[in-house]
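This report introduces the structure shown below to a reader who has not met it before. It moves from the chain as a whole to a helix pair and then to two residues.

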Amino acid sequence: MSIWSGDGLKTCFSFVVLAFFLTFVFVAGVLQEVKKNRAFDQKIDFPDFGHYNGNFIKNMPHSVLPIGDQRKRIIAIGDIHGMNSSLTDLLDEIHYNPKRDSLIHVGDLETRATIHDSIDVLSFMSSNKILGVRGNNDQKVIEWRAWMNWILSHPGGREWLSVMDKRWPNLDGDKRLQRTELENWVETSKYASWKKMVPTGWHPLGKHYRVARAMSPRHFEYLSSLPLVLHSPTAHVVFVHAGLLSSHPKLQASDPRQPLSHWPTVHDQHDIAKLRKQQELTVLTEIPENKDPWTVTNIKSVMDTGIVSPSPKKGTPWSQLWNDTMSKCSGNSGTNAGKSYQPTSLPCYPFTVIYGHAAGRGLDIKRWSIGLDTGCSYGRQLSAVVLDGSSFSSATHQFGDNIHAQAPQSQEIVFGDNGQARIVSVSCA
Ligand SMILES: *[C@@H]1O[C@H](CO)[C@@H](O)[C@H](O)[C@H]1NC(C)=O
Ligand SMILES: *[C@@H]1O[C@H](CO)[C@@H](O)[C@H](O)[C@H]1NC(C)=O
């Protein structure tokens with residue numbers, strides 16, 4: 001008898017129904033289990049720890065500019081890395097007066113001195129609402145803190161973090177040897193399942209982790225509020241932690257896609273202030289690298305291939321490329337929109353970048369860029385550039401005598417269109 005006869009077909013059908021039913025029960029059960037353990041699923045959907053919040057670029061408040069009031073100053077400070085007593089020394093040396101002066105830092109406030117010192121710097125910066133930009137170290141601290149807040153929102157997360165803190169009070173998770181110890185423990189302890197909650201490549205209990213854990217919600221809020229780029233279109237200056245590009249690295253300088261190869265279209269071609277502002281913004285927002293958080297907080301060089309590098313040994317320092325481009329800007333002589341330019345000149349006005357990050361290059365003063373990381377955390381120096389009315393061409397008076405011109409570690413430099421500025425450094429013991 002063939003199974004395709006009446007009874008056989010029925011039996012077969014019943015089996016199929018049963019099989020479907022069992023499969024359904026099994027799948028539903030598994031799904032339920034997966035749901036329960038979703039926090040520990042292999043592919044964890046991490047929230048955004050970066051906290052860029054769309055405040056990539058901020059405008060420097062006009063009120064801080066030393067224009068119109070001869071006593072006003074801007075004091076821009078290089079990478080502090082938690083060296084709070086050196087910060088105090090530097091501010092003393094400059095006769096910092098919070099009523100009259102505006103401080104701006106170029107990022108990397110913490111993590112090379114003790115945790116406690118890093119917190120002191122964060123307290124000073126946040127309670128005085130000091131202007132500044134995010135450094136690569138600030139970014140790591142922000143990310144760890146955002147991660148912690150996320151872990152704490154999971155049942156059991158608080159316990160896991162405090163067990164780790166207590167078990168490893170002196171472990172440095174940044175150091176490979178000690179890290180192995182921690183990883184072995186995590187794998188064998190009852191917290192093994194939490195391991196998946198740590199994004200690949202992140203190592204708990206390092207310096208950034210510890211600063212993130214020790215800082216207050218207000219410190220976190222302060223760091224998260226820092227933009228990556230601080231720009232003053234009035235003063236023609238931009239602050240950034242590591243660097244910026246003045247042109248697309250893979251295109252010719254005269255290529256029409258280069259922001260500085262043509263005047264922007266503004267209604268009134270004779271409104272120089274508007275032209276300059278527009279052109280500066282185009283450089284900051286239309287060169288893809290300048291909109292990449294990692295690049296602006298880590299770049300040191302540009303390789304021959306046009307790819308940016310965090311290494312000082314590869315390719316050309318970005319600041320040299322910046323200085324080269326800005327030096328070609330022909331300024332006033334080129335406001336005629338129809339004019340064609342020599343390859344040696346560009347229809348633009350130059351502007352200045354003030355930055356940190358490159359301790360290896362030390363104080364790096366070029367005509368259109370000022371590198372302020374003088375390696376304080378390595379026992380070298382902490383440096384600042386002081387701008388006052390004389391730094392901006394719209395002012396006519398001489399440089400204020402409120403800084404000792406004779407200070408041993410002070411030097412005057414040419415700044416901006418036609419101004420001057422002073423570099424002041426203190427030793428970091
Ligand atoms: C850290 O430095 C700032 C700036 O000089 C200072 O006001 C503050 O008192 C210092 N904090 C500590 C705890 O020394
Ligand atoms: C930067 O550009 C200026 C011209 O604007 C040039 O004189 C100088 O040699 C360049 N390099 C440095 C390191 O300043």
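Helices and strands are here DSSP runs, of at least four residues for helices and at least two for strands, numbered from the N terminus. The model is predicted. On this basis, the chain has eleven helices and 15 strands. Of its 429 residues, 50% count as buried. The chain exposes an accessible surface of about 21300 Å², and carbon and sulfur atoms account for 55% of that surface. Among contacts between residues at least 6 apart in sequence, 69% join residues at least 24 apart.

One helix pair is described next. The axes of helix 3 (residues 115–127) and helix 7 (residues 207–214) come within 10 Å and cross at roughly 55 degrees. The two helices are therefore oblique to each other, and helix 3 passes helix 7 in a right-handed crossing. Helix 3 contributes Ile115, Ser118, Ile119 and Leu122 to the contact, while helix 7 contributes Lys207, Arg210, Val211 and Ala214. By class, this contact of helix 3 with helix 7 comprises five nonpolar, one polar and two charged residues.

Two histidines call for attention in their backbone. Most residues other than glycine have a negative phi. Histidine 95 nevertheless has a positive phi, and histidine 357 has a positive phi as well.

| Residue | Phi | Loop location | Relative accessibility |
|---|---|---|---|
| Histidine 95 | about 55 degrees | between helix 2 (84–94) and strand 3 (101–105) | 41%, partly exposed |
| Histidine 357 | about 75 degrees | between strand 10 (352–355) and strand 11 (364–366) | 11%, buried |

Conventions:
Residues are numbered from 1 along each chain as its sequence is written. Chains are lettered from A and ligands numbered from 1 in the order in which they are written. This is a predicted model: local features need pLDDT of at least 70, side-chain atom pairs count only at pLDDT 80 or more; totals for chains, interfaces and linings use all residues. Side-chain values use heavy atoms; hydrogens and water are left out. Axes are lines fitted to C-alpha atoms, for helices over the stretch in contact, and angles run from 0 to 180 degrees between N-to-C directions. Angles under 35 degrees count as roughly parallel, over 145 as roughly antiparallel, 65 to 115 as roughly perpendicular and the rest as oblique. A crossing is left-handed if the near helix is turned anticlockwise from the far one by less than a right angle, and right-handed if clockwise. Contact means heavy atoms within 4.5 Å. Ala, Val, Leu, Ile, Met, Phe, Trp, Tyr, Cys and Pro count as nonpolar, Asp, Glu, Lys and Arg as charged, and the others, Gly among them, as polar. Buried means under 20% relative accessible area, exposed over 50%, partly exposed in between (1.4 Å probe, protein chains only). Accessible areas come from the Shrake-Rupley method with a 1.4 Å probe; for residues, only the protein chains shown count as cover.
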